[in-house]
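Please take a moment to look over the sequence and the model before reading on. The paragraphs below lead through it one region at a time.

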Amino acid sequence: MQSCLDIDNSGSKSGSDSVGFVMGQRVHLTGDTRRIGTVKYVGAVEWYEGNWVGVDWDNGDGKHDGSHNGVRYFEAQGPKTASFVRPHNLSSGVTLLKALEFRYHGESTKEEQDEMYVLSATNKKVSIELLGIDKIQNKLSRFEELTSVSLAYLGVSSAGPPGHINTTIPRLKELDLTGNLLFDWREIAAICKDLPALVTLNLSYNIMSHDISGMPLLNHIKVVVLNHTGICWKQVEMLKDSLPLVEELHLMGNKLRGITPLSSDIVHGFDSLRLLNLENNFIASWDEILKLSQLKRLEQLFLNNNCISHIWYPDHNSLSKPPNSHELLGESFRPFQNLCCLLVGGNKIEDFSSIDTLNLFPNLLDIRLSENPIADPGKGGVPRFVFIARLAKVEILNGSQVSPRERKESEIRYVRLVMSKCHDNPEEIKKLHPRFAELKKFHGIENEKVANGATVPQKMSSSLISITLKCVAASIGEKAPLTKKLPATTTVAKLKILCESFFKIKSVKPKLFLQEEKLFWTSQGSPLPTLLDDDMTSLFDFGVGNGSTILVDEEC
């Protein structure tokens, strides 16, 4: 019979059935350290002998919702996440040192060795022999020399006897306890106190208790990872006095909806915090994020995959401050003074005012906006060059470096785009495109317009522009350039079809580039041409005007 069913009646009533478990305790199924759950009930189940433990499983792989045969015993997180299990089929875990012994001193089983193979050309298993494995195992077995240890998913539930950890791994700096059975903060305190050299602690996927009272001072811990631990901001506030020197705090996947400071409207303390990771939560209002604006050392703020729809930069005086806060922060401290990296990908941002306000952050250089409606052309969003042009200081956008050449080309292209769309409405340009006048003057676009003798047409839908098509595809051979007059609203896809006809090419898929005018060449020569990478975008949206040259290449 399986070890965990709706009712697991395997095994008779015995002494093992009286082994105590407590409500809220973390357990795993015997023999499976990844099948983890929380004890929600201990006692009898009607019509069955002996004691039972009601477990709500983390992975949701249960049989019911905490009720059986019409009797409610506890509330589970879902309709089929819970099971009743005999006590002897559950494990309450092991000490940290027992897990350490198992991970680094334990020898590979025959089953594990059998799994180490590759398939030959004839689909036969060929065993793998790891060269130098004995030397590596010998080094890992010298616990006193270890500086980094991973004990993920090994059923660790306690620190063990005081002092034993320190004498065994005294040099440990990094400890990964992901996916274990830890839930009592007193055990965490005991582990940290026994490891004075510890700098980084990862407790991800340990569902921690809400009671954090009595935590000691742990001023040697610099990096704390609490992803998917069920922690709320109130508990984070309670931890900050115990972790005064923490520099990185990771709080991913904790269903956080808000930032709730204990003593004021904004968050204080965390004087050493440089990186705060709040990704994959449920934060919707930017007002919640503004409560972090006075963290004076905060440099990186990760907010990917939340529900934020609008960003704005506050007036310094609008923020609530406790008495004497000016003395604490200094009169000249601005909101998010030292923030240089802001990741807001995967949110619900769709307005340009949220983009333009990022220019007000004093030192913001690294920004992620991908997977927002405003960055998705399929949802009315705009391409990368528009963001680069509107964000004056950005040096890294969506994880990719913005080179000086890309910035120049993006800004020129953006100015032309605005001129083509908003020619008759200067006030609209000023309102909707705050950097337009600055960029137009900086790049001398007005001079280009006079030099070319071109004017932006009254109605773009009925205008014709004269462009030169130059074939540079190696496989096509030399072709004379062609000058054609086309509607400015011609899409890239349509132009590709026309190029196939103009140059009589059938077997080659065209790839189009806009060559920069000589007016904008530098002493280094011609800049790289701009790829026309969106088939549904019109020529004028790409900044193509009278006299422009389109290079016709071929797809690789």
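**A walk through the predicted model**

In strand S23 (residues 464-471) the side chains take turns along the strand: Ile465, Ile467, Leu469 and Cys471 point to one face and are buried, whereas Leu464, Ser466, Thr468 and Lys470 point to the other and are not. Since this is a predicted model, the positions discussed here are computed ones. S23 pairs with two other strands, and the two pairings run in opposite senses: strand S24 (residues 482-487) is joined to S23 by 6 bridges in the antiparallel sense, while strand S27 (residues 548-554) pairs with S23 in the parallel sense over 5 bridges. Within these pairings, Leu464 stands opposite Pro487 in S24, and Leu469, one of the buried residues of S23, has Ile550 in S27 as its bridge partner.

Another sheet can be followed through lower residue numbers. Here 5 strands form an open sheet in the order S6-S3-S2-S1-S7, with antiparallel pairing, and its edge strands, S6 and S7 (90-91), each pair on one side only. Inside this order, strand S2 (residues 32-43) and strand S3 (residues 52-57) run antiparallel and are joined by 6 bridges, among them the one in which Val39 is partnered by Val55 of S3.

The loop between strand S5 (71-72) and strand S6 (82-85) holds Tyr73. Tyr73 has a relative accessible area of 16%, and because buried means under 20%, Tyr73 counts as buried. Beyond its neighbours within four places in sequence, Tyr73 is in contact with Tyr41, Ala44, Val45, Glu46, Gly66, Ser67, His68 and Phe84, and its side chain reaches the backbone nitrogen of Glu46 at 3.0 Å. The C-alpha atom of Tyr73 is also 8.0 Å from that of Gly54, a residue 19 places away along the chain.

A second loop residue, Asp194, is found between helix H5 (185-193) and strand S14 (200-202). What does a buried Asp194 have around it in place of a salt bridge? The nearest side chain of opposite charge, that of Lys193, is 8.5 Å away, but a polar atom of the Asp194 side chain lies 2.9 Å from the backbone nitrogen of Gly163, and the side chain also reaches the backbone nitrogen of Ile165 at 3.4 Å. Not counting residues up to four places away in sequence, Asp194 touches Pro161, Pro162, Gly163, His164, Ile165 and Asn166.

Elsewhere charged side chains do pair, and the structure holds 15 salt bridges. One of them joins Glu237 to Lys240, with the closest N and O atoms 3.1 Å apart, and both of these residues are buried. Another joins Arg390 to Asp356 at 2.8 Å between the closest N and O atoms; Arg390 lies in helix H10 (residues 384-390) and Asp356 in helix H9 (residues 352-356), so the pair ties together parts that are 34 residues apart in sequence. Both Arg390 and Asp356 are buried.

Helix H10 also takes part in a further salt bridge, in which Arg384 and Glu406 have their closest N and O atoms 2.6 Å apart, linking H10 to helix H11 across 22 residues. Arg384 counts as partly exposed, at 25% relative accessibility. Helix H11 (residues 404-421) spans 26 Å from its first C-alpha to its last, close to the 26 Å expected for its 18 residues, and 13 of those 18 residues are buried. Finally, Arg407, Glu411, Arg435 and Glu438 are linked in a network of salt bridges.

Methods:
Residues are numbered from 1 along each chain as its sequence is written. This is a predicted model: local features need pLDDT of at least 70, side-chain atom pairs count only at pLDDT 80 or more; totals for chains, interfaces and linings use all residues. Side-chain values use heavy atoms; hydrogens and water are left out. Helices (H or I, at least four residues) and strands (E, at least two) are DSSP runs, numbered from the N terminus. Buried means under 20% relative accessible area, exposed over 50%, partly exposed in between (1.4 Å probe, protein chains only). Contact means heavy atoms within 4.5 Å. A polar contact is a pair of N or O atoms within 3.5 Å; within protein, one must be able to donate a hydrogen and the other to accept it, and residues adjacent in sequence count only if both atoms are side-chain atoms. Two strands pair if DSSP finds at least two bridges between them. Lys and Arg count as positive and Asp and Glu as negative; His and the chain ends are not counted. A salt bridge is a side-chain nitrogen of Lys or Arg within 4 Å of a carboxyl oxygen of Asp or Glu. The expected span of a helix is 1.5 Å times one less than its number of residues.
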